Amino acid sequence: MRHPGESTAGDRYPTVDEVNAAARALTLRRPDLCRIRTVGTSRAGEPLLLLSVGHGRRNVLVVAGPHANEMIGGATALRLARWVAADPALREGADAAWHFLLCADPDGARLNEAVPDGRFTMLGHYRHFFRPRAAEQPEWLPDDGSLAGALPETRALIAVIDELRPVLQCSLHGIDVGGSFIQVTRAIPRLAERIAKSAAEFDIPLEAGSSDAFHWPSPGPGVYVMPPPGGPREDASNSTWTYAHRYGGITAIAEVPMWACDRAGDTSPHPAADEALRAAGVALRRASEHVGGLIGELRPCLSGDGGPLLRAACEIVAVGPQLAADWDPALRTASAPPLPAMTRARVSSVEIYAQRLPLRAAAMLLRLARGADPSQVPAAAVRERLERLVADWCRAYETAHRARWVPVRHQAEQHARVVLAAFELLPG
């Protein structure tokens with residue numbers, strides 16, 4: 001009998017090569033509508049491909065794969081491209097052309113493609129996990145907001161935005177455990193009701209309490225409106241999301257879960273919120289300290305600087321506990337803005353966050369340990385401990401939130417419908 005958190009055989013995410021090949025095949029079938037071109041090159045020399053469908057005046061830009069661990073974007077982009085190619089109402093009827101950046105970070109995406117075919121599990125996901133540190137993610141500009149020190153992937157994305165001046169930019173993201181939601185840089189009326197109907201069809205909860213958006217307006221479950229760039233408690237001013245504003249466009253960041261957690265949509269009051277938030281803060285700090293100690297033991301056994309895996313793990317260990325000050329009663333200062341009413345959904349989002357971050361760091365450290373010189377006794381010992389730790393934390397994570405696997409086709413369908421809803425409901 002299949003475990004609720006396990007995929008069925010063959011239910012998997014397409015690889016970078018598979019997405020690119022399918023996009024090229026679409027252009028061969030519909031050369032009247034579709035074209036594909038290289039708009040840049042990654043740090044490792046991978047081409048950054050842009051698939052365009054339609055010839056309308058209003059441009060829509062869809063960005064897949066901005067975070068290397070969020071593998072659903074390629075499947076969603078292909079689904080959307082096929083819909084647009086098949087439906088004139090989304091092209092001529094809307095005077096629109098759709099453009100799909102098929103993978104914004106192909107180098108990172110390939111580091112997540114090692115999950116073997118067959119049934120996909122949480123442990124299988126985390127044993128091959130990679131997510132680069134913030135400075136190495138293509139949607140973030142340097143701190144000064146300039147392009148001088150930006151990644152080549154970032155410069156390519158900015159150049160596409162400058163060329164297309166999109167009325168809508170959709171960034172395809174995903175989360176491991178939780179619900180479906182969308183963040184928009186400007187309000188889009190009636191969006192909440194549209195995505196709710198779709199999510200219910202696939203038995204995916206709406207994220208009603210995202211800890212990333214505690215202080216943001218929410219016109220309905222699963223929809224969050226970002227504060228204006230440069231406003232209080234807003235950290236996207238130097239991102240490619242708000243860059244599109246200079247052309248009057250709106251950016252929508254669409255999120256869909258790999259594993260659904262029903263508590264993500266529970267808006268009832270939490271009976272002991274302070275206690276739960278304090279416990280989550282303690283757990284995050286202790287787990288981060290534990291992983292930090294393992295980093296210290298493993299580092300002397302690594303060749304070179306450990307590369308992007310170690311940089312990312314170190315950032316999580318350093319930053320995670322500091323972020324807990326946003327919600328942990330033991331750390332919050334008197335000057336901090338008050339938290340919203342703490343529902344079960346909001347507390348659940350914090351608890352997921354507190355487990356997710358150190359698990360990510362431990363998982364990337366395990367990958368490093370597996371590649372270390374096996375003849376070194378310290379490296380072998382650390383690897384053995386990390387194998388047990390990642391397995392135990394995955395089991396605890398899955399159990400605590402009663403995580404239910406969402407089939408890849410349902411993830412992609414919900415993702416695509418959220419993007420279509422944002423486009424069809426655009427103001428003006």
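Student: Why is helix 10 said to be largely enclosed by the rest of the structure?

Tutor: Let's count, keeping in mind that this is a predicted model. A residue is buried when its relative accessible area is under 20%. In helix 10, 22 of the 28 residues are buried, so the rest of the structure largely encloses that helix.

Student: How do you know what span to expect for helix 10?

Tutor: The expected span is 1.5 Å times one less than the number of residues. For helix 10, residues 344-371, that gives 40 Å, and the first and last C-alpha atoms are 41 Å apart, close to the expected value.

Student: What makes the radius of gyration of the chain agree with a compact globule?

Tutor: A compact globule with 428 residues would have a radius of gyration near 22 Å, and the chain has 21 Å, so the two agree. Buried residues make up 57% of the chain. Its C-alpha atoms fill a box of roughly 60 × 50 × 50 Å along the principal axes.

Student: Now to a single residue. Why is Leu111 called partly exposed?

Tutor: Partly exposed lies between the buried cut-off, under 20%, and the exposed one, over 50%. Leu111 has a relative accessible area of 31%, so it is partly exposed.

Student: Where is Leu111, and which residues is it in contact with beyond its neighbours within four places in sequence?

Tutor: Leu111 sits in the loop between helix 3 (106-110) and helix 4 (122-127). Beyond those neighbours, its contacts are His128, Phe130 and Arg367. Leu111 and Phe129 are 18 residues apart in sequence, with their C-alpha atoms 7.6 Å apart in space.

How values were computed: Residues numbered from 1 in each chain as written. Predicted model: local features only at pLDDT ≥ 70, side-chain atom pairs only at ≥ 80, totals over all residues. Heavy atoms only, no water. Helix = DSSP H or I, 4+ residues; strand = E, 2+ residues; numbered from the N terminus. Buried < 20%, exposed > 50% of the residue type's maximum accessible area, 1.4 Å probe, protein only. Rg over C-alpha atoms; globule rule 2.2 N^0.38 Å. Contact = heavy atoms within 4.5 Å.
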